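These are my notebook entries on one structure, written down in the order in which I looked things up.

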Amino acid sequence: MISREKLTEALSKLQFGTHQQPLVNWLSETELSDTACRLVFSFPWPCKSQWEGLSQRIAVAIDELVEHRDLTIEFAISVPQLAIKAERPLVAGVKNIILVASGKGGVGKSTTTVNLALALQAEGAKVGVLDADIYGPSIPTMLGVAEGTRPKVQASKHFEPVVAAGLQTMSLGYLTTEKTPAVWRGPMASGALMQILEQTLWDDLDYLIVDMPPGTGDIQLTVAQKMAVSGAVIVTTPQDIALLDAKKAIEMFAKVNIPIVGLVENMSIHTCSACGHQEAIFGSDGGERLAATYDAKLLAKLPLSLAIRQSADAGENLMASSGAEQQAYQALALRCGEEVAMMPLASMPEFVLLDD
Ligand SMILES: Nc1ncnc2c1ncn2[C@@H]1O[C@H](COP(=O)(O)OP(=O)(O)OP(=O)(O)O)[C@@H](O)[C@H]1O
């Protein structure tokens with residue numbers, strides 16, 4: 001005979017996610033009758049691509065209990081808001097702010113921001129991107145936003161985000177022109193950034209991914225300190241010089257008590273499209289070594305690839321393709337979402353988990 005207890009027992013044998021937690025942790029609804037069995041699982045991070053496989057695993061695990069009943073398995077996503085207890089104010093309409101940073105310029109921070117955002121969205125989250133790279137806002141181009149696009153202004157004080165590829169975006173690039181490039185000095189730059197962060201009408205975002213300016217100077221420090229941030233993702237290449245700068249970025253965030261969600265090793269391996277030969281052009285295992293030094297997680301190793309460069313240049317959505325690159329960003333998004341969701345479980349007293 002089917003019972004809730006037996007169901008839970010059978011389901012507790014299944015694990016899910018990198019942390020291999022019991023799937024039953026996310027069982028949010030159970031309906032049992034003589035003719036039907038309906039289960040609803042609600043996940044705190046976006047993971048749509050996993051649902052089909054999960055559904056099959058669940059059906060096999062409870063097959064004997066379900067017998068002749070109609071089995072319905074449903075999945076939902078409910079990303080919790082991670083908030084800092086401290087005085088930093090939350091940004092309206094945003095549940096989690098994730099900073100994407102690098103010590104060194106040109107390591108692929110903006111490319112990672114865009115593709116991480118698109119991949120989180122493909123996994124079922126509502127995502128926005130704030131282009132805070134004042135030295136060269138490149139997010140609009142990478143998302144195919146037409147040159148000269150300006151955000152709509154509401155009541156003379158709020159910006160409506162520019163929606164591109166389904167993402168809510170805001171960039172200093174929308175507010176400056178080639179003739180009036182932004183020549184920002186420290187306080188002015190961080191002031192302008194905070195202003196566009198707070199004056200944009202973000203609409204119910206699970207994640208706002210912020211493309212930080214490269215470096216670890218005053219602007220980065222001020223912005224990081226003023227935002228109520230869930231965590232930072234550090235992008236580096238495996239090259240020694242980039243790793244050195246990534247260390248500075250990790251230490252900067254430690255100083256202002258911002259947890260590191262994890263590291264991304266970009267431009268990791270290159271596979272020759274003609275012969276398939278693989279080469280570690282910028283060196284190998286730098287990400288692993290850095291992660292080990294700081295006891296941080298290596299979220300992903302992303303390939304150095306023509307498809308990544310071309311999609312960024314052309315403003316095309318790489319998640320609409322189905323190659324190894326799309327899979328690499330999908331894996332990054334799944335891992336990143338999970339790590340953010342798991343954060344309250346770690347020993348970080350300055351964080352509280354708020355229910356919806
Ligand atoms: N994994 C990758 N494979 C191939 N090309 C890449 C990859 N990542 C980034 N690029 C390319 O490298 C260049 C620099 O990338 P990007 O602008 O994302 O770096 P960044 O760290 O944000 O730079 P900046 O310091 O200027 O803000 C771009 O031309 C981008 O298309």
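**Val-94.** I began by listing what Val-94 touches beyond four places in sequence, and found Trp-202, Leu-205 and Leu-208. The model I am reading is a predicted one, and in it Val-94 belongs to strand 7, which covers residues 94-101. Val-94 and Leu-208 are 114 residues apart along the chain, yet I find their C-alpha atoms separated by 6.5 Å. Was Val-94 to be entered as buried or exposed? I entered Val-94 as buried, because 24 C-beta neighbours lie inside 10 Å.

**Tyr-174.** I next looked up Tyr-174, which sits in the loop between strand 12 (167-171) and helix 5 (186-199). Although Tyr-174 is placed in a loop, I count this residue as buried because it has 21 C-beta neighbours inside 10 Å. Leaving aside residues up to four places away in sequence, I noted that Tyr-174 touches Pro-140, Thr-149, Arg-150, Pro-151 and Val-162. For one of these, Arg-150, I also took the C-alpha separation from Tyr-174, which is 5.2 Å across 24 residues of chain.

**Positive phi.** I then turned to backbone angles and noted two residues that are not glycines. Ala-165 has a positive phi of about 50°, and I located Ala-165 in the loop between strand 11 (162-164) and strand 12. With 20 other C-beta atoms within 10 Å, Ala-165 is buried, and I note that 20 is the number at which a residue begins to count as such. Asn-257 has a positive phi of about 65°, and its place is in the loop between helix 7 (240-255) and strand 15 (260-265). I put Asn-257 down as partly exposed, because its C-beta neighbours inside 10 Å number 15.

**Helix 6.** In helix 6, residues 218-226, I marked Ile-219, Gln-220, Val-223 and Ala-224 as buried. Why do I describe the buried residues of helix 6 as lining one face? Viewed down the axis of helix 6, they fall within an arc of 120°, so one face of the helix is lined by them. I set beside this the general rule that an α-helix has 3.6 residues a turn, so residues three or four places apart point the same way.

**Ligand.** How many residues surround the ligand? I recorded 20, of which the closest are Gly-105, Gly-108, Lys-109, Ser-110 and Thr-111. Helix 3 (109-122) and helix 9 (306-314) are the elements that give two or more residues to this shell. Sorting the shell around the ligand by residue character, I have seven nonpolar, 10 polar and three charged residues.

**Domains.** I noted that the chain is divided into domain 1, residues 4-77, and domain 2, residues 81-354. Taken over C-alpha atoms, the centres of domain 1 and domain 2 are 33 Å apart. The contact takes 10 residues from domain 1 and 12 residues from domain 2, and on the side of domain 1 that touches domain 2 I have five nonpolar, four polar and one charged residue.

**Confidence.** I closed with the scores, which are an average pLDDT of 87 for the protein chain, with 91% of the residues scoring at least 70. The model as a whole scores ipTM 0.98 and pTM 0.92. Where does pLDDT stay under 50? I found that stretch at residues 345-356, for which the model has 21 contacts beyond four places in sequence.

Note on methods. Residues numbered from 1 in each chain as written. Predicted model: local features only at pLDDT ≥ 70, side-chain atom pairs only at ≥ 80, totals over all residues. pLDDT = per-residue confidence, 0-100. Contact = placed C-beta atoms within 7 Å. Buried ≥ 20, exposed ≤ 12 C-beta atoms within 10 Å, placed from the backbone. Helix = DSSP H or I, 4+ residues; strand = E, 2+ residues; numbered from the N terminus. Arc of directions from axis to C-beta. Near = placed C-beta within 6 Å. Nonpolar A, V, L, I, M, F, W, Y, C, P; charged D, E, K, R; others polar. Domains from an automatic or database assignment.
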